[in-house]
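Reader: I would like to go through this model by its local features. Please reason each answer through to the value or name asked for.

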Amino acid sequence: MAKLTLEFSGKTEKILQDLASEVGTTKVDIIRRALALYEYAVEETKQGRRISVTKDDKIIKDVVNIT
């Protein structure tokens, strides 16, 4: 398993800590989940699909458009 050292700004560190506390997991797990979501987003956009927030089957906002 590879080991990385990451540096975050104070604001990003707080976001990371807050998310970990809210979800009840570790900061490392939040980063792993974020990478998995990003990988998914890349693959979906390669296929010409969008990732959007919807309500009542109406698109409110496109969340990711990587390409």
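Reader: Leaving aside neighbours within four places in sequence, which residues is valine 64 in contact with?

Author: The model is a predicted one. Valine 64 belongs to strand β2. With neighbours within four places in sequence set aside, the residues in contact with valine 64 are Ala41, Thr45 and Ile51.

Reader: Is valine 64 buried, partly exposed or exposed?

Author: Buried requires under 20% relative accessible area, and exposed requires over 50%. Valine 64 has 22% relative accessibility, so the class is partly exposed.

Reader: What separates the C-alpha atoms of valine 64 and threonine 12?

Author: Along the chain, valine 64 and threonine 12 are 52 residues apart. In space, the separation of their C-alpha atoms is 20 Å.

Reader: How are α1 and α2 oriented to each other, roughly parallel, roughly perpendicular or roughly antiparallel?

Author: Two packed helices are described by the angle and the distance between their axes. Here the axes of α1 and α2 (residues 27-46) come within 8 Å and cross at roughly 95 degrees. An angle of 65 to 115 degrees counts as roughly perpendicular. The crossing therefore makes α1, relative to α2, roughly perpendicular.

Reader: Which residues of α2 make that contact?

Author: On the α1 side, the contact is made by Glu13, Leu16, Gln17, Leu19, Ala20 and Val23. Their counterparts on α2 are Lys27, Ile30, Ile31 and Arg33.

Reader: What is the phi of aspartate 56, and what is that of aspartate 57?

Author: Most residues other than glycine have a negative phi. Aspartate 56 is in the loop between β1 (51-55) and β2 (58-64), and aspartate 57 lies in the loop between β1 and β2. Both have a positive phi. For aspartate 56 the value is near 50 degrees, and for aspartate 57 it is near 65 degrees.

Reader: Are aspartate 56 and aspartate 57 buried or exposed?

Author: The cut-off for exposed is over 50% relative accessible area. Aspartate 56 is at 66%, so it counts as exposed. Aspartate 57 is at 79%, so it too counts as exposed.

Reader: Leucine 6 is part of a nonpolar patch on the surface; what is the accessible area of the patch?

Author: Leucine 6 is located in the segment before α1 (10-23). Its relative accessibility is 49%, so leucine 6 counts as partly exposed. The patch is formed by Leu4, Leu6 and Phe8, and together their accessible area is about 330 Å².

How values were computed
Residues numbered from 1 in each chain as written. Predicted model: local features only at pLDDT ≥ 70, side-chain atom pairs only at ≥ 80, totals over all residues. Heavy atoms only, no water. Patch = residues over 30% accessible without salt bridge, like charges linked within 9 Å, V, L, I, M, F, W, Y side chains within 5 Å. Areas by Shrake-Rupley, 256 points an atom, 1.4 Å probe, with all protein chains shown as cover. Salt bridge = Lys/Arg side-chain N within 4 Å of Asp/Glu carboxyl O. Helix = DSSP H or I, 4+ residues; strand = E, 2+ residues; numbered from the N terminus. Buried < 20%, exposed > 50% of the residue type's maximum accessible area, 1.4 Å probe, protein only. Axes fitted to C-alpha atoms, helices over the stretch in contact; angles between N-to-C directions. Parallel < 35°, antiparallel > 145°, perpendicular 65-115°, else oblique. Contact = heavy atoms within 4.5 Å.
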